[in-house]
Each structure stands twice: as structure tokens, then as C-alpha cells.
Amino acid sequence: MDAWQTYPVEFRGGLITNLSPLQQGTNAPGSARILRNFEPSVEGGYRRIEGYDKYDSAIIPPYGAPVVHGASQSGTTLIVASIHTTPVAGDTLEIAGVTGTYTIASGGVTFDATNNRATLTLTTTLASSPANAAAVTFKTTTSNYLAIGVAAWEDSAVVCKNADIFKTGGSGFTKINVPDYGTPLVNGASQTGSSLIIDGLDSAPQAGDAFKIAGIDLVYTVTANATVSSGGATLAINPALASSPADDAVITFLSTSRENANKTRFAKYNFNGTEKIAIVDGLNEPALYDNTTFTVLLDAPTDVIGATFVAEVKNHLFFAKGTTVTFTAPYTDTDFSAANGSGSINVGGTITALTVFRQQLIIFTENSIHQLTGTTIADFSMQPITVDIGCIDSDTVQEIGGDVMFLGPDGLRLLSGTDRIGDFGLAVVSKTIQNTMTGFISANTSFTSCVIREKSQYRILGYNNNITQENAQGILATQFAPQGGEGMAWAETRGIRAYVADSDYNQNVEVILFANDDGYLYQMESGNSFDGLNIQTTFATPHLPISDPRKRKTFYKLFLYTDPQGSVAFDVSLKLDFDSQGTIQPAPISILNTQGTVGFFGSGTFGVTRFGTKLLKLFQTQVVGSGFTVSFQFESNDQNPPYSIDALTVEYGLNDRR
């Protein structure tokens with residue numbers, strides 16, 4: 001037998017699934033045949049991904065911001081108003097000014113969808129009578145309503161659920177779809193019945209709006225769109241006035257309906273020094289929000305009401321609906337007058353996404369991609385980029401590293417600029433994981449995506465209502481080349497269950513958010529666990545033939561080079577001879593750096609731990625096994641800090657050919 005030899009492997013290249021085992025082991029020894037919850041790192045090697053935590057410990061309010069409908073209620077019955085979605089039995093709630101937490105009894109919900117009220121039967125008697133319009137806060141819910149939109153915006157998050165939109169900075173949700181109609185007041189005393197004359201309006205209240213009147217019991221719903229003349233209007237309301245309000249009594253609007261909203265999308269912009277966000281949901285009028293005022297574009301044209309996508313480019317807002325893109329006049333977000341520079345363009349196919357690339361609007365359909373050049377209506381021109389390829393999922397379009405990634409019918413593609421002015425590349429960049437990509441697309445019913453700018457990383461996350469959280473699938477790509485798809489390295493994620501996601505970079509802090517149907521808003525790249533659950537990881541090298549695939553090797557020692565941030569604990573297994581049936585495989589070996597005197601914050605032992613000791617980065621261990629090929633498989637299931645596996649060397653003896 002010859003003397004021991006050393007075989008080194010530098011880990012790079014990411015997940016590859018389109019090569020035969022021997023081809024991969026020979027030509028890409030540093031790649032991975034399994035790379036799950038590891039990410040190809042721009043700092044080298046494969047790094048275990050970060051975890052996620054709740055962005056806000058409270059649940060996203062499932063039913064908006066309901067209030068008590070009428071004072072002097074008692075017993076086990078509670079009527080609530082300004083609610084647009086049916087509560088369910090088992091939900092728990094609290095009432096402002098009333099002691100205790102209350103549970104909705106089985107069969108205890110009667111919902112009035114027309115007037116946005118619900119009569120609830122509680123399992124326990126009210127401790128006291130609540131005040132009219134007292135806030136009702138749902139603490140838990142057994143419903144599985146999806147969060148249908150999320151935006152990371154400045155130092156807060158905007159999230160949509162059912163018929164409502166909320167803002168949170170991490171310590172409670174505030175409903176923002178509250179209309180601003182000016183300073184409405186009762187116009188004339190001694191009014192009775194099911195109509196109310198008001199003034200002080202600068203826009204028209206809409207059917208479904210809820211409001212309260214100072215000094216008057218009950219909460220009222222507008223039952224028909226109002227018409228405003230000289231700041232005044234007569235509202236059709238339900239129920240009838242409980243009593244006659246005083247002249248100039250203050251009217252406070254509590255909610256405007258966004259019922260039946262579809263997936264909600266956003267555009268962030270600043271035309272005049274004020275940061276704003278535009279909101280579209282595929283059904284309702286678009287809305288604008290500036291962190292204070294929620295403005296509904298009630299006077300928008302038909303091709304804008306029910307817009308599915310919105311983008312800002314060249315100081316215009318662009319709204320896409322069906323086959324038409326409509327844009328506002330320059331430097332405005334509410335002016336749709338053609339005389340002032342607004343207009344519309346028909347692209348000839350149903351639009352599936354809008355994005356901005358190098359200050360040009362890119363318009364996707366399922367079968368084509370177009371670019372809009374120019375700066376105003378005078379020189380806007382739509383040019384085709386391709387009429388053979390399109391985007392099949394709207395929420396997979398993201399700009400990463402100067403390119404645009406999107407999901408096409410044959411995998412993930414990259415829209416990138418070329419050396420020729422006005423020319424584009426459209427390479428399929430997911431070919432190296434084509435089998436994995438195909439399975440991922442077929443297993444999920446919808447997709448969302450985000451970018452992690454600090455890591456030059458794109459993530460596409462799948463959602464299927466029948467797939468549990470621990471099995472939720474995702475694919476990530478790290479871009480190593482300045483542009484183009486040649487430098488993409490891939491990996492898989494498991495355990496990030498996202499229906500909507502977004503990321504934003506604000507004041508040198510990147511925030512990545514996502515939500516699903518469990519009621520919470522989460523922040524990615526936060527913590528060392530999946531919201532308290534272990535992160536399960538697997539990384540397996542290719543089946544390495546080393547020097548000769550037909551000579552048996554005997555393996556003796558493994559040296560593993562890592563970059564830990566704290567405690568490290570994982571198992572390494574040798575998978576011999578392609579892990580084929582009938583081959584005896586060695587037992588896993590545990591790798592730990594938590595023993596000895598090294599101290600980690602929060603886990604030191606008095607009299608034993610020495611803080612400041614350097615972490616163990618090089619692990620060496622005896623291994624046992626003999627085979628023609630070998631794959632090293634690393635697995636962990638814990639809540640330790642992330643760590644990178646950079647390289648390994650294995651010492652082996654080469655047997656004679658037989």
C-alpha cells in the first residue's frame with residue numbers, strides 16, 4: 001500500500017443537479033449535490049443561513065380595527081362595527097375599558113356583510129358595559145387568512161390582510177386605510193332617520209365607509225357612494241340615527257373598505273420631498289399613503305381602478321391593468337389629465353409584471369417583454385425586448401446586482417444589459433439546478449421573492465397551502481460576477497413559508513419581511529432559529545473519485561476548515577461508492593466547538609469559562625471507510641449561530657488496482 005496522500009477541496013460553486021454523479025465529482029468537486037439551508041457566501045465557502053423572528057409580536061389584525069357598536073351592552077352578546085371579515089369561533093379578543101379576555105363561542109357569529117357588523121356570542125359574560133366605539137382587539141385567531149401584501153418601507157412595515165392595510169414599527173399594528181375626507185361636521189341639528197347631511201368635505205365618502213358622530217350612540221355605515229357639492233353631501237346610512245346630533249358635531253371616519261382585495265403590490269416614490277407609497281390590489285381604487293394620510297384615487301380612470309401593478313419611473317406613476325399601462329402627469333400621483341401629460345399604452349398582452357431597470361420601465365407579459373423609453377408623453381416609445389419569452393409569475397421579478405431576475409416558463413432568467421446600447425441579454429441562469437427548479441415549480445401554487453442586497457442574493461420562495469412550515473421550499477442564488485448569470489451559485493431553503501415578501505434598505509439597515517397564513521409578520525436574516533424552531537441543514541459534496549475512480553481508497557483523517565460565529569455542532573458522514581444499496585456506510589461523526597474553556601455570550605460557566613479565547617476553526621477527526629468514491633455529508637439541527645464551511649482536506653491511502 002502506498003503512503004498517505006492528501007486531497008483538498010475548496011467549497012464553491014453551489015448546488016448542481018444537472019450533472020451525473022461522476023461528472024460532478026470530477027469536474028466540480030467544490031460544488032454540492034445537496035445544499036439545504038446553506039448559502040454560497042460572497043466571503044467564501046458555504047454559510048448556514050440566518051434565521052427569522054417575528055417582526056411584531058402581535059398578530060396581524062385579521063378583521064381590521066373593529067369597534068363596539070353601541071354602548072350599554074351586557075351579558076354574553078357583543079355587537080361590533082367597522083368589521084369587513086367574518087370572525088370565527090375560538091377567536092379571543094379584548095375590549096378597551098373592559099376587564100378580561102373574551103372568547104367567541106361555538107356557533108357564536110352572525111355577520112352582516114352589507115353593513116359591516118358582527119354579533120358575537122361570548123363564552124363568558126362581559127365584566128362591564130363597553131363604551132360606544134371602544135376598540136376591539138383580537139388577540140388570537142383560529143382563521144387561516146393569508147396576508148396578501150407586505151412592504152418594507154422606511155423604518156416600518158406595511159402589511160395587508162383581508163380588507164385592511166396596517167403599518168407597524170414592530171410594536172403594534174395601526175390601521176391606515178382610514179379615509180381623509182377633510183373636516184366633516186354635521187350640517188344642521190334635529191336630523192333623524194337613515195340619512196345625514198354633512199359639510200366640510202373635500203372628497204366623497206364611499207359605500208362601506210364606517211364613522212361615528214360625537215355625542216351619538218352607535219357606529220354608522222355609508223350605504224351608497226355620496227356626491228359632494230360645495231363641500232357638502234347627504235349620506236345614506238345604516239342604522240338610522242340613534243338620536244339627533246348637534247349642529248357641527250364632529251364626524252370621525254373609522255374605515256374605508258378594501259374588500260375582496262387580491263394580492264397587493266406597492267411602489268415607493270418621492271416627487272416633492274415627501275416619501276410615499278402607492279398601493280394596488282387588482283380590484284379596488286389605487287391608494288396613496290404618506291405615513292399620515294391615506295388617499296384613495298376615487299377619480300382615477302377605469303383603466304386604473306383595479307390595477308394589478310404599479311411602478312414609478314421618470315417622475316410618473318405607471319399603473320398596469322389587463323393589457324394597458326396608464327401613467328400620471330409628470331411629478332404628480334393623482335393627475336390623469338391628458339392635457340397635463342397623462343396617457344396610456346396598450347401592450348397587446350396581459351401584463352404580468354412591471355419593474356424599473358436602468359431608469360426604463362420594463363413591462364412583462366407571459367409571452368413578451370417590452371421596454372418603455374423616453375421621459376414624457378411627448379417621446380414615450382414602447383420597444384419589444386423579446387416576443388418569445390415572458391414572466392409567468394408576477395412576484396418573482398427582482399433587480400439584483402444591476403440585472404433583473406424573473407421566473408420564465410423554463411426556469412429563472414436574467415434580463416441584463418450588454419455592451420451594445422439598448423441591447424439586452426436573456427439567459428436562463430438556473431440550468432445547473434434544472435431538475436430542482438422543475439420540482440420546485442410543480443410543488444408550489446404561488447411564489448414570492450426578495451433580494452438581500454448585502455449578500456448579492458436573490459430568493460424565490462414557494463407557497464402551497466398543503467405544505468407545512470418545516471417543508472416549505474425556496475431557492476436562493478448568490479451573484480458572484482458583477483453582472484450576468486455566469487457567476488450564479490445556488491442553494492435550497494427549507495422552513496421559510498412565505499406567501500408575500502419584500503426587502504428594503506433604509507439608513508444602512510436592510511430589512512427583509514415575509515408573511516403567510518399563520519397570522520404573523522416575520523423578519524428574515526434575524527436570529528439563529530426559525531422563530532424558535534431549529535434550523536435543519538444538509539450539505540453534501542459530490543461523490544469524489546479523487547485521483548482514480550477505479551482505485552479503492554482507504555480514508556484516515558479529515559481536516560475541516562470553518563468560520564464560526566459561536567457554537568458549532570454538526571455531524572459529518574462519509575457516503576461511499578455513490579451511497580449505493582448494499583454498501584456499508586461508516587457511522588456519523590460529531591463535530592463540536594462548544595467544549596473546553598471557550599466562552600459564548602450567555603453560556604459561560606463561572607470559574608471555567610475564559611472569555612476572549614479564540615474559536616476553534618480547524619477541526620480534525622479520524623475517519624473510517626474504504627471505497628472508490630466518497631461524499632462528505634454535513635448535517636445539523638439546532639439554534640446555534642451561523643457558520644461557514646470553507647474547505648476540507650482528507651488524508652487517504654491509495655490501494656492497488658484489482
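Modeller: Two strands count as paired if DSSP finds at least two bridges between them, and with that in mind we can turn to this structure, which is a predicted model.

Biologist: Which residue in β50 does K575 stand opposite?
Modeller: Strand β47, residues 569-576, is joined to β50 by 6 bridges, and the two strands run antiparallel. Within β50, the residue that K575 stands opposite is S631.

Biologist: In β50, which residue is the bridge partner of A540?
Modeller: β50 also pairs with strand β45, residues 535-540, in the antiparallel sense and over 6 bridges. The bridge partner of A540 in β50 is Q633.

Biologist: How many of the residues of strand β50 are buried?
Modeller: A residue counts as buried when its relative accessible area is under 20%. By that cut-off strand β50, residues 630-638, is mostly covered, and of its 9 residues the number buried is 7.

Biologist: Which strand gives the most to the largest nonpolar core?
Modeller: The largest nonpolar core has 65 residues, and M405, W490 and F634 are those with the most contacts inside it. With 6 residues, spanning as a strand the stretch 643-654, the element that gives the most to this core is β51.

Biologist: Besides the largest nonpolar core, how many residues form the other core that lies apart from it?
Modeller: F634, one of the residues with the most contacts inside the largest nonpolar core, touches residues including F11, F539, L560, I645 and L648. Apart from that core lies another, which has I237, L241, A249 and I251 among its members and a total number of residues of 19.

Biologist: Which element gives the largest share of the lining of the largest pocket?
Modeller: The largest pocket has a volume of about 980 Å³, and of the 34 residues that line it the closest to its centre are F266, T355, V397, Q398 and D502. The elements that give two or more residues to this lining include β12 (147-153), β22 (265-269) and β42 (500-506). The largest share, 5 residues, comes from β42.

Biologist: Is K268 buried, partly exposed or exposed?
Modeller: K268 lies in strand β22, and, leaving aside its neighbours within four places in sequence, K268 is in contact with residues including A151, W153, E312 and D502. The relative accessibility of K268 is 32%, and a value between the limits of 20% and 50% falls in the middle class. K268 therefore counts as partly exposed.

Biologist: How much space lies in the largest cavity?
Modeller: The structure holds 1 cavity of 30 Å³ or more. Residues that line the largest cavity include I148, C160, R258 and D281, and by class this lining has 6 nonpolar, 2 polar and 3 charged residues. The space in the largest cavity is about 40 Å³.

Biologist: Which strands stand at the edges of the open sheet, each with a single partner strand?
Modeller: In this open sheet 6 strands follow the order β6-β7-β10-β9-β8-β11, with antiparallel pairing. Two of the strands have a single partner each, so one side of each is left without a neighbour in the sheet, and these edge strands are β6 and β11.

Biologist: Which residue in β10 does T110 stand opposite?
Modeller: Strand β9, residues 98-112, and strand β10, residues 117-122, pair in the antiparallel sense over 5 bridges. In β10, the residue that T110 stands opposite is T119.

Key. Residues are numbered from 1 along each chain as its sequence is written. This is a predicted model: local features need pLDDT of at least 70, side-chain atom pairs count only at pLDDT 80 or more; totals for chains, interfaces and linings use all residues. Side-chain values use heavy atoms; hydrogens and water are left out. On a 1 Å grid over the protein atoms alone, a cavity is a set of points where a 1.4 Å probe fits but cannot get out, and a pocket is an open set with protein on both sides within 12 Å along at least five of seven lines; lining residues have an atom within 4 Å of a point. Grid points are joined across faces, edges and corners, and a volume is the space filled by probe spheres set on the points. Helices (H or I, at least four residues) and strands (E, at least two) are DSSP runs, numbered from the N terminus. A nonpolar core is a set of buried Ala, Val, Leu, Ile, Met, Phe, Trp, Tyr and Cys residues joined through side-chain atoms within 4.5 Å. Buried means under 20% relative accessible area, exposed over 50%, partly exposed in between (1.4 Å probe, protein chains only). Contact means heavy atoms within 4.5 Å. Ala, Val, Leu, Ile, Met, Phe, Trp, Tyr, Cys and Pro count as nonpolar, Asp, Glu, Lys and Arg as charged, and the others, Gly among them, as polar.
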